[in-house]
Amino acid sequence: MEHYLDNAATTKVCDEAAQAALAAMTENYGNPSSTHTKGREANRLLEKARKQVSAALGCTPGELIFTSCGSESDNWAIINGAEAMRRRGKHIISSAVEHDAVRRSLDELESRGFEVTRLAPDEKGGVSLDSVVSALRDDTILVSLMLVNNETGAVTDISSIARAVKKACPAVLVHTDAVQGFMKVPFSAKTLGADMISISGHKIHAPKGIGALYIKNGVKLKPFIVGGSQETGRRAGTEAMPQIAAFGAACEIAQAGMAENIARMQSLRERAVQRLSREIPELVLIGGGSPHILSISLPGWRSEVLMNYLEAKEVYVSRSSACKKGGRSHVLEAMGLSSRVIDGAIRIGLSRFTTEEDIDALCSALKEAHDTLAHR
């Protein structure tokens, strides 16, 4: 029996999302831009999904633009957000623990003459309010910080940061990569206070290939993809209706059971922490804060070896972000962890489908791996 615990990388598509995608492909398959009956049917489905996603995010439908993924949303918000503010200044604040979609966007902006301050994380892997406020300058134009770290689960208080930034420098744009936080920690666009918010479907049981960008009313952002007049002229290209319909269905299901799902994942995470800490005394807990990500390390063991051992037991975890494809974690390095801790780190990702049996299988397999490999 398989025990899938890599939900921070991607989640299983839920039945409701799969059914919505199938219906969009086989029933409401028209082009939403077409003016005939099939096109109007597809357009109604498009706007239904937009309402479902915007309701889950806590914004108006007109503030939500569908994208292909969270990375596209990050690229669009950061690169075009900075370019829109270029005349005011060229200073950007971010952190050393961002997802590569943010990091590479910042690298691109530096090549264009912008200056980026990458703040160090605190001991849990989040970014403090004080460090952001201290980094603000007269020429700061953009602050981009992730809500939940994809490797450690550390939560950054974006709402407090946004309030402080807007109080000190009202014109500064605030963006947050909320891909790992969406439907996993309570927030809404209104309470978060960011000007731009990136989210993605495949982290909440929708298919891969669909994301969205919240752009607050009044924020002027040039299109990242030009061509047709789709998405009110802000993102060209025929809408990916199967993925969009599935995203809407997944959001509706996730929103309805959000409080229960968070509590359940938190309980399962604590179950794992208690048992692993008891059975493997040298185990190190890394970061933390969100209910669905548990980052641990067995110093002295190699994460690749542990993962292979777990996979043989049909327990699936990862060593860091799936986007790394085996590369060393810049997040754990930025946290100042020792090489022994980093090299023995694995990430466990929970979802609403995770069971006690999954957690128990993980703990038993890790204990067995620890005891077996220790004697080699």
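Select Ser-339 to begin: this residue of the predicted model is partly exposed, with a relative accessible area of 41%. Ser-339 belongs to helix α12, which spans residues 339-343. Now add Gly-300 to the selection. Although Ser-339 and Gly-300 are 39 residues apart along the chain, their C-alpha atoms are separated by 9.5 Å.

Stay in helix α12 and select Arg-340, which is also placed there. Which residues is Arg-340 in contact with, leaving aside its neighbours within four places in sequence? They are Ser-297, Pro-299 and Gly-300. For another view from Arg-340, display Ala-365: the two residues are 25 apart in sequence, and their C-alpha atoms are 21 Å apart in space.

**Strand β9**

Ser-297 leads to the next stop. Its C-alpha atom is 6.6 Å from that of Leu-285, and the two residues are 12 apart in sequence. Leu-285 lies in strand β9, residues 284-286. Is Leu-285 buried, exposed or partly exposed? With a relative accessible area of 42%, Leu-285 is partly exposed. To see its surroundings, select Val-273, Ser-277, Leu-294, Ser-295 and Ile-296, which Leu-285 touches when residues up to four places away in sequence are not counted.

**Strand β5 and the loop after it**

Move next to Ser-144 in strand β5. Its relative accessible area is 0%, so Ser-144 is buried. Show the side chain of His-175 as well, and a polar contact of 2.8 Å can be traced between the side chains of Ser-144 and His-175. Beyond its neighbours within four places in sequence, Ser-144 is in contact with several further residues, including Ile-78, Ile-93, Ser-94, Ser-95, Glu-98 and Val-102.

Then select Glu-151, in the loop between β5 (140-144) and α6 (158-168). Glu-151 counts as buried because its relative accessibility is 3%. With which side chain does the side chain of Glu-151 make a polar contact? The partner is the side chain of Ser-329, at 2.5 Å.

**Helix α6**

Past that loop, colour the buried residues of α6: Ile-158, Ser-159, Ser-160, Ile-161, Ala-162 and Val-165. Display their cover next, which includes α5 (129-135), β5, β6 and α7.

**Two residues with positive phi**

The next two selections concern the backbone. Most residues other than glycine have a negative phi, and most peptide bonds are trans. Met-183, which is not a glycine, has a positive phi of about 70°. Met-183 can be found in the loop between β6 (173-177) and α7 (189-192). Its relative accessibility is 7%, so Met-183 counts as buried.

Go on to Thr-232, a residue other than glycine whose phi is positive, near 50°. The position of Thr-232 is in the loop between β8 (211-215) and α8. Is Thr-232 buried or exposed? Thr-232 has a relative accessible area of 67% and is therefore exposed.

**Helices α2 and α8**

From that loop, proceed to helix α8 and show helix α2 beside it. Two packed helices are described by the angle between their axes and the distance between the axes. Here α2 (residues 37-57) and α8 (residues 241-256) have axes that come within 8 Å and cross at roughly 35°. The crossing of α2 past α8 is left-handed. To display the contact, select on α2 Ala-42, Leu-45, Leu-46, Ala-49, Gln-52, Val-53, Ala-55 and Ala-56. On the α8 side, select Met-241, Ile-244, Ala-245, Phe-247, Gly-248, Ala-249, Cys-251, Glu-252 and Gln-255. How many residues of this contact are nonpolar, polar and charged? The contact of α2 with α8 divides into 13 nonpolar residues, three polar and one charged.

**Cysteines**

For the last stop, select Cys-169 and Cys-363. Cys-169 has a relative accessibility of 12% and so counts as buried. Cys-363 likewise counts as buried, at 0% relative accessibility. How many disulfides does the structure hold? The number is zero.

Conventions
Residues numbered from 1 in each chain as written. Predicted model: local features only at pLDDT ≥ 70, side-chain atom pairs only at ≥ 80, totals over all residues. Heavy atoms only, no water. Helix = DSSP H or I, 4+ residues; strand = E, 2+ residues; numbered from the N terminus. Buried < 20%, exposed > 50% of the residue type's maximum accessible area, 1.4 Å probe, protein only. Polar contact = N/O pair within 3.5 Å; in protein donor to acceptor, adjacent residues only side chain to side chain. Axes fitted to C-alpha atoms, helices over the stretch in contact; angles between N-to-C directions. Left-handed = near helix turned anticlockwise from the far one by under 90°. Contact = heavy atoms within 4.5 Å. Nonpolar A, V, L, I, M, F, W, Y, C, P; charged D, E, K, R; others polar. Disulfide = S-S within 2.5 Å.
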